[in-house]
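Let's take a walk through this one, starting with the empty spaces and ending with a pair of helices. Keep the viewer open as you read.

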Amino acid sequence: MPPALLPDGYFSAGVEQTDPLIAQAIAREKTRTRDVIELIASENIVSRAVLEVQGSILTNKTVEGYPGKRYHAGGVNVDVIEQAAIDRACQLFGCRFANVQPHSGSQANHAVLHAVARPGETILSMNLNAGGHLSHGADANASSQWFRIVSYGVRANDGLIDYDEVIALARQHRPRLLIAGGSAYPRALDFAALRRAADAGGAKLLVDMAHFAGLVAGGAHESPFPHADIVTTTTYKSLRGPRGAIILWNDEALRKPINNAVFPGLQGTPSLHIVAGKAVALGEALQPSFAHYAQAVLANARALARRLQQHGFDLVGGGTDTPLMLVDLRAQGLTGAPAAQSLERAGIIANMNPIPSDAADLKVMSGLRFGLSGATTRGLGQAQVEQVGDLIAEVLEGLRSRSDDQAATESRVRAAVRDIVAPFPTYG
Ligand SMILES: *Cc1c(COP(=O)(O)O)cnc(C)c1O
């Protein structure tokens, strides 16, 4: 017998048989997500179809380049898939061009930076503490090493962007690119004012709509087009697709710079199984049900925001126009890390987050961020979301009062959460 080249069951066995460590961790993840309420703003729950294509044989295919212009043979089928993803993205967001290859939102933003600016040139963007994103020029991100970053923040009194400040900074610094959109900015952006700021400084305008793209797709939020020159979004937040991102724009003159910045500038071969997942998710977002979903996400986000305010919590920006909200815990004398940990023990999954001009240590932070994209996909409506708001308040009140029975509160809430989510199963 010649030595075996492949493990037993290579083409036939499932991971349960071949790799128990990984299979068991996945099984436990199924149980974990079944019994808790996921309020992490960056998460959602993809369809069975999106799951399926990501586990398909497309993972084996390598091509470089774009549909019809590949450097490897055998691209006939993946060209159909990538072109469908491009066409659907353009149809959904009403624009002329799309690049569907970025592996992540950060990659998409880096590609745009390199497409419109030379190293050392100026970028104007919202700082991380005000709710911006790492890839918009944060100190710890490579973007700040390549470009000169000038940043704007939010007003201390209301947590909102001061557009006059943005216009003044654009005039003064004449950036190549003005970036708007963030990871923790809950309110709608004034795209027309951002356009005026970009024009005042001779800049291109990039709107990174990662968190609210699903609302734009479903008509529950204004579109950044026609004001923005370029729009980026992750595909896995409110857009409810696979992990990754897309870049959208209208000007033919940007086609080569952007496509070349993605490949060969920053990436090599695209992940075609993920591109297929993007195509399927974009197809889902084009269906009428997605508009209802988008409305429900916004209604749920506003319902939770209101409920938390009724319980006395301060919301940065005073509420939300997006799937997410940011709770400022300072009035309760709490910080984000212990709050998120106690909530996790109570079955409510969220993340600590800095609030604007946060003075707390970065390891604890002063805020909590909640998002409703995933819970809405699961089927929770306003009645359940309000109950969840009451449970969040109960856990945080226990922490605030330094209750001796916090463990008992957590387990009581955990049981209540399980009862709330039990009628809403996901993948069967
Ligand atoms: C989530 C997010 C990204 C990107 O994230 P990756 O983790 O790189 O996929 C980019 N911009 C904004 C505003 C985001 O919220």
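Which helices and strands each supply at least two residues of the lining of the largest pocket? Bear in mind that what you're looking at is a predicted model. The elements in question are helix H2 (20-35), strand S1 (37-38), helix H3 (48-54) and helix H14 (373-378). Of these, H2 is the one to colour up, since the largest share of the lining, 7 residues, comes from H2.

How much room is there? The largest pocket has a volume of about 1,100 Å³. It is lined by 35 residues, and if you want to drop a marker at its centre, the closest ones are Thr33, Asn44, Ile45, Thr426 and Tyr427. Thr33 falls in the range of H2 (20-35). In terms of chemistry, the lining of the largest pocket splits into 16 nonpolar, 10 polar and 9 charged residues. Domain 1 (54-285) and domain 2 (289-421) each put at least three residues into that lining.

Now for the second largest pocket, which holds about 660 Å³ of space. Here 42 residues do the lining, and Leu128, Gly132, His133, Leu134 and Ser183 sit closest to the centre. Helix H5 (105-116) and the strands S5 (122-126), S6 (148-152) and S9 (230-234) each supply at least two residues of this lining. H5 gives the most, with 4 residues. By class, the lining of the second largest pocket comes out at 14 nonpolar, 23 polar and 5 charged residues.

Where does this second largest pocket lie with respect to the two domains? Domain 1 (54-285) and domain 2 (289-421) both give residues to its lining, so the second largest pocket lies between them.

Finally, swing the view round to helices H15 (residues 382-400) and H16 (residues 406-421). Their axes come within 10 Å and cross at roughly 170 degrees. Angles over 145 degrees count as roughly antiparallel, so that is how H15 runs relative to H16.

Who touches whom along this pair? On the H15 side, the contact uses Gln384, Gln387, Val388, Leu391, Glu394, Val395, Gly398 and Leu399. Facing them from H16 are Gln406, Thr409, Arg412, Val413, Ala416, Val417 and Ile420. Sorted by class, the contact of H15 with H16 has 8 nonpolar, 5 polar and 2 charged residues. The charged residues in the contact are Glu394 in H15 and Arg412 in H16.

Note on methods. Residues are numbered from 1 along each chain as its sequence is written. This is a predicted model: local features need pLDDT of at least 70, side-chain atom pairs count only at pLDDT 80 or more; totals for chains, interfaces and linings use all residues. Side-chain values use heavy atoms; hydrogens and water are left out. On a 1 Å grid over the protein atoms alone, a cavity is a set of points where a 1.4 Å probe fits but cannot get out, and a pocket is an open set with protein on both sides within 12 Å along at least five of seven lines; lining residues have an atom within 4 Å of a point. Grid points are joined across faces, edges and corners, and a volume is the space filled by probe spheres set on the points. Domain bounds come from an automatic or database domain assignment. Axes are lines fitted to C-alpha atoms, for helices over the stretch in contact, and angles run from 0 to 180 degrees between N-to-C directions. Angles under 35 degrees count as roughly parallel, over 145 as roughly antiparallel, 65 to 115 as roughly perpendicular and the rest as oblique. Contact means heavy atoms within 4.5 Å.
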